[in-house]
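Reader: Hello! I am in my first year and still learning how to read protein structures. Could you take a close look at one part with me and show how it fits into the rest?

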Amino acid sequence: MDANEKKQVIKEKYGKIAMVGGSCCSSRCCEDSNVIDLSKSIGYSEDDLKAVPDANLGLGCGNPVAFSELKAGDIVLDLGSGAGFDCFLAAQKIGSSGKVIGVDMTQAMIEKAQANALKYGYSNVEFRLGDIEDLPVGSESVDVIISNCVINLAPDKEKVFREAFRVLKPGGAMYISDTVLLAELPEELRKDKDLLAGCVAGALLKEEYLALLKKVGFSVEILNEDLDISKRKYNGLPVESLQFKACK
């Protein structure tokens with residue numbers, strides 16, 4: 001698959017999830033687990049899960065808002081915002097003087113997120129249709145970037161990191177939870193569409209991922225590595241959830 005074909009597979013999969021529910025996972029990778037249990041296992045609290053229940057689709061591999069250093073008045077950007085769950089949690093931390101921008105390339109997800117914002121009264125959250133490789137966001141306009149298990153889906157991760165660097169204000173930071181590989185996947189798994197949409201087939205080796213961040217100018221601090229998620233969510237494939245802070 002070329003980059004456009006990969007993006008089409010992902011749009012179709014996540015568009016379906018937005019409209020009818022389900023999981024990013026497939027029988028090829030994930031063990032059966034309900035959304036609440038999975039969300040708790042990756043760092044969400046009971047209060048988080050009660051805040052905007054319609055927005056939690058169980059698609060993450062961590063809770064970047066929990067380890068971000070958000071403060072009142074921050075401008076926050078969420079890369080791959082889905083139904084808006086992390087955006088709404090971030091909005092609670094930054095208050096009415098701040099703003100959260102969610103970017104997602106799936107129209108159905110944008111519409112679901114906008115409906116959630118209206119339903120739950122989040123006036124300081126905005127959702128924009130766009131590609132995280134070409135962000136619809138001005139240069140040096142955001143204080144903090146968050147993202148939860150999305151960058152692995154992008155065919156060109158260096159572009160994503162360059163765009164993130166561009167839109168961050170000087171001294172800004174990213175707080176990311178993402179899947180990375182601990183060993184190369186066999187070629188047949190790399191080509192598997194379900195594993196691509198399931199956040200495995202498109203993932204980079206950890207060392208390669210970190211090298212790209214540093215190449216575009218970020219300094220990186222690893223905050224946590226969830227190795228057990230391989231068993232909980234990915235049926236033992238060589239995947240971990242890497243949680244880190246990257247500063248401009």
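Author: Happily; what follows is a walk from the whole protein to helix 5 and its surroundings, and then to a few residues in loops and in another helix. Please keep in mind that this is a predicted model.

Let us begin with the overall picture. The protein has 11 helices and 7 strands, and its C-alpha trace spans about 50 × 40 × 30 Å along the principal axes. Is the radius of gyration in agreement or at odds with that of a compact globule? For 248 residues, such a globule would have a radius of gyration near 18 Å, and the protein's 16 Å agrees with this. Of the 248 residues, 56% count as buried. Contacts also reach far along the chain: among those with a separation of 6 or more, 74% are between residues 24 or more positions apart.

Now for the outside. The protein exposes about 10,400 Å², and carbon and sulfur atoms supply 49% of that area. As for charge, there are 30 positive and 38 negative charges, and their mean positions are 2 Å apart.

With that in mind, look at helix 5, which runs over residues 85-94. This helix is mostly covered, with 8 of its 10 residues buried. Those buried residues are Phe85, Asp86, Cys87, Phe88, Leu89, Ala90, Ala91 and Ile94. Just after the helix comes glycine 95, which takes a positive phi of about 75°.

What does helix 5 pack into? The largest nonpolar core has 55 residues, and Tyr14, Val76, Phe88, Val100, Val125, Phe127 and Tyr234 have the most contacts inside it. Several elements give two or more residues to this core, including helix 1 (3-20), helix 6 (107-120), strand 3 (125-129) and strand 5 (168-181). Helix 5 gives the most, with 7 residues. You can follow one link by finding Val125: leaving out residues up to four places away in sequence, Val125 touches Cys87, Phe88, Ala91 and Val100. Cys87, Phe88 and Ala91 are among the buried residues of helix 5. Apart from this core lies another, of 31 residues, among them Ala164, Val167, Val180 and Phe218.

Next, a look at backbone angles. Most residues other than glycine have a negative phi, which makes two residues worth a stop. Glutamate 140 is not a glycine, yet has a positive phi of about 50°. Its place is the loop between strand 3 and strand 4, and glutamate 140 counts as partly exposed because its relative accessibility is 46%. Cysteine 149 also has a positive phi, of about 60°, without being a glycine. You will find cysteine 149 in the loop between strand 4 and helix 7 (157-167). With a relative accessible area of 2%, cysteine 149 is buried.

Finally, step along to helix 7, where glutamate 163 lies. Is glutamate 163 buried or exposed? Glutamate 163 counts as buried, because its relative accessibility is 12% and the cut-off for buried is under 20%. Leaving aside neighbours within four places in sequence, glutamate 163 is in contact with Ile132, Glu133, Asp134 and Leu135.

To retrace the path on your screen, start at helix 5, which gives the most residues to the largest core, move to Val125 and its contacts with Cys87, Phe88 and Ala91, and end at glutamate 163 in helix 7.

Terms used: Residues are numbered from 1 along each chain as its sequence is written. This is a predicted model: local features need pLDDT of at least 70, side-chain atom pairs count only at pLDDT 80 or more; totals for chains, interfaces and linings use all residues. Side-chain values use heavy atoms; hydrogens and water are left out. Helices (H or I, at least four residues) and strands (E, at least two) are DSSP runs, numbered from the N terminus. The radius of gyration is taken over C-alpha atoms; the globule rule is 2.2 Å times the number of residues to the power 0.38. Buried means under 20% relative accessible area, exposed over 50%, partly exposed in between (1.4 Å probe, protein chains only). Contact means heavy atoms within 4.5 Å. Accessible areas come from the Shrake-Rupley method with a 1.4 Å probe; for residues, only the protein chains shown count as cover. Lys and Arg count as positive and Asp and Glu as negative; His and the chain ends are not counted. The place of a charge is taken as NZ of Lys, CZ of Arg, CG of Asp or CD of Glu. A nonpolar core is a set of buried Ala, Val, Leu, Ile, Met, Phe, Trp, Tyr and Cys residues joined through side-chain atoms within 4.5 Å.
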